[in-house]
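Visitor: Got a minute to walk me through this one? I'd like to start with the surface, then go to the sheet and the charges.

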Amino acid sequence: YKGAMIAVSEAARNIVCSGAVPVAITNCLNFGNPYNPEVYYQFVHAIKGMSAACEKLGTPVTGGNVSFYNQSEDGPVYPTPTIGMVGVMDSLEQKMSLNFKNAGDAIYVIGVNRNDINCSEYLHHICGVTHSPAPHFDLEEEFQLQQTVARLISEKLIISAHDISEGGLFACLLESAMPNDFGFSISTDKSMRKDAFLFGEAQSRVVVSVNHHLHAMFEAEMKGMPFTKLGTVNANKEICIDDESWGYISDWKEAYDTSLEKLLLS
């Protein structure tokens with residue numbers, strides 16, 4: 001139920017971060033044998049979760065398909081509700097991109113950072129925990145986040161926006177820094193586990209960058225929406241976290257761009 005709500009909401013969040021308005025979805029629902037009570041339970045609750053999110057975000061389901069019996073001797077596939085969403089952008093002036101634009105710009109997270117590593121790539125692939133609860137998600141929180149980001153874009157108070165999803169905050173920052181070869185300097189929240197802060201995948205968070213002369217206007221416009229100032233974009237291409245060097249963006253970009261190639265050749 002929660003996973004299907006997250007699938008719909010992340011699709012909408014991506015569209016909102018691009019400057020468009022989400023309007024409708026299609027879906028591809030992949031499950032095992034529906035005569036297995038557990039599989040049928042997964043299917044029913046995925047439909048209910050998808051419906052709840054679509055109703056809240058105003059994105060009707062215009063079509064889709066269901067694929068059952070996806071399983072082998074090892075058991076059924078993970079329940080996989082895949083969402084394709086379309087948005088509308090009335091003018092290219094509304095367009096927003098994910099990449100950092102200038103050295104010295106401030107980096108913020110809109111939304112609440114949580115002490116949560118559930119169902120993250122970090123927990124699965126680094127810690128080796130393959131089954132865990134869904135990460136934090138609240139549908140009303142998600143709705144308010146998307147409304148806030150859309151307003152900030154329309155008022156031109158931010159110059160980049162990228163949602164936090166797979167890989168958590170650190171992966172999001174890398175993806176924003178890599179296009180223009182910028183580095184960044186941030187501070188973590190000392191009240192949280194550092195791995196949860198950097199790699200947790202709690203939902204309803206967006207990283208934005210703001211021109212230095214717009215900081216006060218940006219913060220005033222948040223109107224009760226939680227946000228955290230993380231740090232700044234830098235021109236020296238180094239990544240610094242809590243005043244500790246994490247290397248240079250060129251090295252991370254090399255690893256990011258060649259990971260599939262290296263896996264296939266290994």
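Guide: Sure, one definition to begin with: patches are made of residues with over 30% relative accessible area and no salt bridge, where like charges are joined within 9 Å and nonpolar side chains (Val, Leu, Ile, Met, Phe, Trp, Tyr) within 5 Å. Accessible areas come from the Shrake-Rupley method with a 1.4 Å probe, and for residues only the protein chains shown count as cover. A salt bridge here is a side-chain nitrogen of Lys or Arg within 4 Å of a carboxyl oxygen of Asp or Glu. Keep in mind that this is a predicted model: local features need pLDDT of at least 70, side-chain atom pairs count only at pLDDT 80 or more, and totals for chains, interfaces and linings use all residues. Residues are numbered from 1 along each chain as its sequence is written, and side-chain values use heavy atoms, with hydrogens and water left out.

Visitor: OK, which residues form a nonpolar patch on the surface?

Guide: Val-21, Val-23, Val-86 and Val-88, with about 290 Å² of accessible area together. Strand 1 (21–30) and strand 5 (80–88) are the elements that give two or more residues to that patch. Helices (H or I, at least four residues) and strands (E, at least two) are DSSP runs, numbered from the N terminus.

Visitor: Is Val-88 buried or exposed?

Guide: In between. Val-88, found in strand 5, is partly exposed at 40% relative accessible area. The cut-offs are under 20% for buried and over 50% for exposed, with partly exposed in between (1.4 Å probe, protein chains only).

Visitor: And what's the strand order in the open sheet?

Guide: It goes 2-1-5, three strands with mixed pairing. Strand 2 (61–67) and strand 5 are the edges, each pairing on one side only. On average, neighbouring strands of this sheet are turned by 20° against each other, direction ignored. Two strands count as paired if DSSP finds at least two bridges between them.

Visitor: How many bridges join strand 1 to strand 5?

Guide: Nine, and the two run antiparallel. Asn-30, for instance, stands opposite Thr-80 in strand 5. Helix 2 (residues 37–57) packs on the sheet and touches strand 1, strand 2 and strand 5, and its direction makes about 175° with that of strand 1. Contact there means heavy atoms within 4.5 Å. Axes are lines fitted to C-alpha atoms, for helices over the stretch in contact, and angles run from 0 to 180 degrees between N-to-C directions.

Visitor: Switching to charges: how many salt bridges does the count come to?

Guide: Ten by that rule. One of them joins the side chains of Arg-13 and Asp-163 at 3.2 Å, N to O. That pair links distant parts of the chain, with Arg-13 in helix 1 (residues 2–17) and Asp-163 in strand 7 (residues 160–163), 150 residues apart. Both Arg-13 and Asp-163 are buried, and they are linked with Glu-142 in a network of salt bridges.

Visitor: What about Lys-223 and Glu-221?

Guide: Their side chains meet in a salt bridge at 3.5 Å, N to O. Lys-223 is exposed at 62% relative accessible area, whereas Glu-221 is buried at 12%.

Visitor: Last topic: what's the phi of Asp-181?

Guide: Near 55°, a positive value in a residue other than glycine. Most residues other than glycine have a negative phi. Asp-181 lies in the loop between helix 5 (168–177) and strand 8 (183–186). Asp-242 also has a positive phi of about 55°, and its place is in the loop between strand 11 (238–241) and strand 12 (244–248).
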